[in-house]
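Work through the exercises below with the model open. Each task is followed by a stepwise solution.

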Amino acid sequence: MERIYMDYGASTPVDKEVIEEMMPYFDKFYGNPSSIHSFGREAFDAVEESRKKIADIICANEDEMVFTSGGTESDNLAIKGIAFRNKKKRGSKGTHIITSAIEHPGVLTTCKYMEKIGFNVKYLPVDKHGLIDIKELEDAISKDTFLITIMFANNEIGTIEPMEKIGKIAKEHDVIFHTDAVQAVGKVPIDVNKLNIDLLALSSHKIYGPKGAGALYVRNGVKLQTIVHGGGLEKGLRSSTYNTPGVVGLGKACELGKIRIKKDMVYLKNLRDMLIKDILKIEESYLNGHPEKRLVNNAHFRFTAIEGESLNLMLDGKGIAAATGSACSSKKLQASHVLLAIGLKPEEAHGSLRLTLGRMNTKEDVEYVVEVLPEIVQNLRNMSPLWNR
Amino acid sequence: MDEQYTEMVKDHFFNPRNVGEIKDADGVGTVGNPICGDVMTIYIKVKDEIIIDIKFKTFGCAAAIATSSILTGMAKGKMLDEALKITRDDVANELGGLPAIKLHCSNLAADALREAIKDYRKKNKR
Ligand SMILES: Cc1ncc(COP(=O)(O)O)c(C=O)c1O
Ligand SMILES: [Zn+2]
């Protein structure tokens, strides 16, 4: 059976060019980049070359990038790093963090932990499209606020938050602004200076790079406390020997991302809009997220009276890989916090389906999905006690 | 590690037995799963204390659908008192096991059947 991957929001295949670029760094240039000998130097050069490329995709300077193991670690370093540093500096002040209710667990769980150890966190609600309210953000800022952490684009429903406005407010109030841009990089043009972003998390495996690599942008002058103590790499911010192949892969992925972003955006948006238009023809189907302010590759739906895990397994039976935010599919058996935050009832969140597109998807893929989906939805509805039509 | 669904679960999910409604059912039981939100309805036809027909409708995950399917097969042809003895473990075992996190789904099926039998007995008080 032919298989169709529409779960690029979860992870992406590594680009062939990226693999090619990485290969020599396993067995040819294997020196430790921190070593003084020629083996070390050639690895070091590759790491620094990559640093430039990664900085470039968000219009940052190369000396503002810290390598990490991925988006989650970058979020942790940003939030804990600034919080611990601030606490030391400002004593009892600097205790208040503002975030949103729809953050990825990398941010959300970290914020919950910060609360446990004595910080105060405000979780801004979002509207039915998943957007925060700028006025509410501004009102939430107090003299104790030292950090705003709001995601660039949501990983479930694809909503793109008003980065420019948030950045402006953060700057006006002299508050550090961190954003989890893991889903946005490569799909939204990003300029950290224009947007007044101080800290930005990105991840390699969402942009056709290898898993287990990522970076945190740290604006020059912004000081963090490390959370990984060790030999003192990355200006003491993140020790552990460089993952040279990973860093090189991330660098190449960013380079390609920067070159291809315009084309990717047009191509993906076209496929996405085809998906949305045709899938919404299904009776009692709805689009989740914002109609316009959404990632070019994200289409998120809900269908009355059916459950998402069943739907995904049925799709899998037809070779289609997708995702859902239903309670049954989660480890905690709770509906996705994002879907509840946009005001869906648990039973509405139950029937959710996320399709996230990528470079390798074709028009034929979309046609196949919109061809088989209606029948699957109907089959499940025929089985459902909540569907009496 | 997460356990995967067994082949048996997948078989009952992709080819569920006894799906549907019984319009003139003798007993109907509906239960909602307070844990994940699944809902299941079981319809029974009873003759001389024997379940002569049984059907289900389920709004839920693959485990919920598969447990409904297997349960209806297990209960069909049984005396009511025997059917009442079917436990969640029986349901899960019959499917060759369920992932730990999905064990609550087997509760749902056994409970829905009990509700249907209760409904029948209430309506047919002698
Ligand atoms: C918005 C967002 N943040 C963070 C992450 C975590 O990234 P990583 O898997 O690299 O830790 C993800 C990936 O699932 C994500 O979508
Ligand atoms: Zn379930």
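The structure holds 35 salt bridges over all chains. A salt bridge is a side-chain nitrogen of Lys or Arg within 4 Å of a carboxyl oxygen of Asp or Glu. This is a predicted model: local features need pLDDT of at least 70, side-chain atom pairs count only at pLDDT 80 or more, and totals for chains, interfaces and linings use all residues. Residues are numbered from 1 along each chain as its sequence is written, chains are lettered from A and ligands numbered from 1 in the order in which they are written, and side-chain values use heavy atoms, with hydrogens and water left out.

**Exercise 1. Describe the contact between chain B and chain A.**

Step 1. Count the residues. Chain B gives 24 and chain A gives 23. Contact means heavy atoms within 4.5 Å.

Step 2. Take the area. About 1800 Å² is buried between chain B and chain A, with 70% on carbon and sulfur atoms. Buried area is the accessible area (1.4 Å probe) that two parts lose on being put together, summed over both. On the chain B side, Phe13(B), Lys57(B) and Phe59(B) lose the most area to chain A, together 32% of what that side buries.

Step 3. Look for charge pairs. The rule finds 1 salt bridge across this interface. Glu309(A) pairs with Lys102(B), with the closest N and O atoms 3.0 Å apart.

Step 4. Assign elements. In chain B, α1 (7-14), β2 (39-47), β3 (50-59) and α2 (62-75) each give two or more residues to the side that touches chain A. Helices (H or I, at least four residues) and strands (E, at least two) are DSSP runs, numbered from the N terminus.

**Exercise 2. Describe how the two domains of chain A meet.**

Step 1. Set the bounds. Domain 1 covers 4-11 + 261-382 and domain 2 covers 16-256. These bounds come from an automatic or database domain assignment.

Step 2. Place the domains. Their C-alpha centres lie 28 Å apart.

Step 3. Size the interface. 28 residues of domain 1 are in contact with 29 residues of domain 2. The buried area is about 2400 Å², and carbon and sulfur atoms give 58% of it.

Step 4. Check for salt bridges. The rule finds 0 between these domains.

**Exercise 3. Is Thr99(A) buried or exposed, and which residues does Thr99(A) touch?**

Step 1. Locate the residue. Thr99(A) sits in strand β3 (residues 96-100) of chain A.

Step 2. Read the accessibility. Thr99(A) counts as buried because its relative accessibility is 0%. Buried means under 20% relative accessible area, exposed over 50%, partly exposed in between (1.4 Å probe, protein chains only).

Step 3. List neighbours. Leaving out residues up to four places away in sequence, the contacts of Thr99(A) include Val107(A), Cys111(A), Tyr123(A) and Ile150(A).

**Exercise 4. Compare three salt bridges by position.**

Step 1. Glu255(A) and Lys252(A) have their closest N and O atoms 2.9 Å apart. Both lie in helix α8 of chain A, 3 residues apart, about one turn of the helix. Glu255(A) is partly exposed at 27%, whereas Lys252(A) is buried at 12%.

Step 2. Arg121(B) and Asp81(B) meet at 3.0 Å, N to O. Arg121(B) lies in helix α5 (residues 103-123) of chain B and Asp81(B) in helix α3 (residues 80-83) of chain B, so the pair ties together parts 40 residues apart in sequence.

Step 3. Lys118(B) and Glu115(B) have their closest N and O atoms 3.4 Å apart. Lys118(B) is exposed at 54%; Glu115(B) is partly exposed at 30%.
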